[in-house]
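Student: I would like to go through this structure and ask how each label is earned. Where should we begin?

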Amino acid sequence: MDNIDLSLLDKRLQCELEKVELLSCRKIIEMDKTELQRIGNFSIKDIELIKTVAANILLPNGFSTAKESEQIFKEKWRKVTLDCNPLDEILGGGIPVRGITELFGGSGVGKTQICLQLSMTVQYPLEFGGLNASAVYICTEDRFPTVRLQQMLPYFPVASSRCRNKMENHNFTDYILIDHIADLEGFHNCLFKRLPTLIANSSTRIGLIVIDSIAAIFRSEYTLNDIINRANDMRTIGMQLHKLADKYNIAVVCVNQVTDACDNGVTVPALGLAWANLVTTKLNISMDQSRIRKLQIIHAPHLAPASANFIIVESGISSAT
């Protein structure tokens with residue numbers, strides 16, 4: 001239970017919260033001051049007090065043990081498995097449900113392949129590394145790769161026979177929600193209106209948002225004279241993605257293209273520092289002449305730099321050994 005302790009508030013605030021049926025501490029924390037003032041007779045001082053009481057219930061003051069912290073932040077620290085042991089091993093279990101994870105690399109290295117796989121593994125039960133949730137897949141460049149998805153479906157779940165038995169009658173395609181967006185205006189409308197409504201009202205939890213790719217939106221909308229406007233728009237989009245990830249415990253994966261740096265010709269992620277500063281976890285995918293792929297952790301606050309090889313087969317991504 002995360003209901004607020006009404007005994008810590010005066011009678012007027014108790015009655016007002018009961019009147020508007022707002023007793024969940026999480027909802028109180030998530031709502032901004034304008035929303036609270038719209039639904040109830042609350043002053044700014046009232047709201048600060050109510051939010052403080054709610055915050056102390058959700059996260060009590062004082063020190064806690066590592067084990068207690070693990071329980072408190074359990075939902076925030078979940079990962080989405082890739083169902084590929086070498087990759088899950090270096091990623092500490094998979095893609096985190098906090099912040100923005102960027103997948104960048106050249107054309108044809110396997111970025112979309114990993115996103116397709118995540119769209120299915122997020123549907124796994126919690127005990128098998130999934131979130132028992134649906135995926136939202138936003139395409140901004142090409143059509144959604146339906147043919148490739150259909151090719152992979154008979155093999156899923158891949159690694160665990162127990163998971164396969166448990167999901168024997170599960171239809172993965174029913175839980176992948178696809179949208180195609182070609183411009184910034186449509187993308188903005190999706191992230192700020194349609195997507196929050198979908199997440200809040202969906203009959204099944206949304207556990208993954210894939211944007212394939214983020215570069216396409218910003219590369220096509222601006223000229224060289226619009227650098228400041230582009231940076232501001234990136235920040236707006238990035239902060240909204242962070243907000244959705246934090247509020248609903250969603251893994252957000254953004255595919256990015258690569259470009260050559262002007263000064264030394266080194267291949268770097270597209271969109272520059274304006275976008276790079278919004279990314280939490282940065283993963284690079286490359287491929288050698290033998291078509292062996294490598295996933296490399298470039299930056300992650302919870303992981304050490306590491307890399308692992310993988311291959312792409314009919315069933316999806318697999319260990320290279």
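Tutor: With a definition: helices and strands are DSSP runs, at least four residues of H or I for a helix and at least two of E for a strand, numbered from the N terminus. Keep in mind too that the model is predicted.

Student: Then how do you know where serine 213 lies?

Tutor: Strand β6 covers 206-212 and helix α11 covers 214-219, and serine 213 sits in the loop between them.

Student: What makes the bond between aspartate 212 and serine 213 worth a remark?

Tutor: Its omega is about 5°, and the bond is cis. Most peptide bonds are trans. Another cis bond runs from phenylalanine 156 to proline 157, with omega near -5°. Proline 157 is in the loop between α8 (146-152) and α9 (161-166).

Student: What is notable about the phi of glutamate 21?

Tutor: Phi is near 55° there, which is positive, and the residue is not a glycine. Most residues other than glycine have a negative phi. Asparagine 132 also has a positive phi, of about 55°, without being a glycine. Glutamate 21 belongs to the loop between α1 (11-19) and α2 (25-30), and asparagine 132 to the loop between α7 and β4.

Student: Why is glutamate 21 called buried or exposed, whichever applies?

Tutor: Exposed means over 50% relative accessible area. Glutamate 21 has 72%, so it is exposed. Asparagine 132 has 56%, so it is exposed as well.

Student: And which label does proline 196 get, and why?

Tutor: Buried means under 20%. The value for proline 196 is 18%, and therefore it counts as buried. Proline 196 is part of helix α10 (residues 184-201). Apart from neighbours within four places in sequence, it touches Cys190, Leu191, Gln240 and Leu244.

Student: How do you know whether α7 is mostly covered or mostly open?

Tutor: Of its 11 residues, 10 are buried, and α7 is mostly covered. Among the buried ones are Lys111, Ile114, Leu116 and Met120.

Student: What makes a group of residues a nonpolar core?

Tutor: The members are buried residues of certain nonpolar types, joined through side-chain atoms within 4.5 Å. The largest core has 46 residues, and Leu91, Ile114 and Leu295 have the most contacts inside it. Helix α7 gives the most to this core, with 5 residues. A second, separate core has 30 residues, including Phe187, Ile199, Leu241 and Ile250.

Student: Which residues does leucine 295 touch, beyond its neighbours within four places in sequence?

Tutor: Among them are Leu87, Leu91, Ile114, Leu283 and Phe310.

Student: How many residues line the second largest pocket, and which are closest to its centre?

Tutor: The pocket holds about 440 Å³ of space. It is lined by 24 residues, and those closest to the centre are Gly108, Lys111, Thr112, Asp142 and Asp212. Helix α7 gives the most to this lining, with 4 residues.

Student: What is the make-up of the lining by class?

Tutor: It has 9 nonpolar, 9 polar and 6 charged residues. Glycine counts as polar in this scheme, so Gly108, a lining residue, is in the polar group.

Student: How far apart are the centres of domain 1 and domain 2?

Tutor: The domain assignment gives domain 1 as 6-58 and domain 2 as 74-319. Their centres, taken over C-alpha atoms, are 36 Å apart.

Terms used. Residues are numbered from 1 along each chain as its sequence is written. This is a predicted model: local features need pLDDT of at least 70, side-chain atom pairs count only at pLDDT 80 or more; totals for chains, interfaces and linings use all residues. Side-chain values use heavy atoms; hydrogens and water are left out. Buried means under 20% relative accessible area, exposed over 50%, partly exposed in between (1.4 Å probe, protein chains only). Contact means heavy atoms within 4.5 Å. On a 1 Å grid over the protein atoms alone, a cavity is a set of points where a 1.4 Å probe fits but cannot get out, and a pocket is an open set with protein on both sides within 12 Å along at least five of seven lines; lining residues have an atom within 4 Å of a point. Grid points are joined across faces, edges and corners, and a volume is the space filled by probe spheres set on the points. Domain bounds come from an automatic or database domain assignment.
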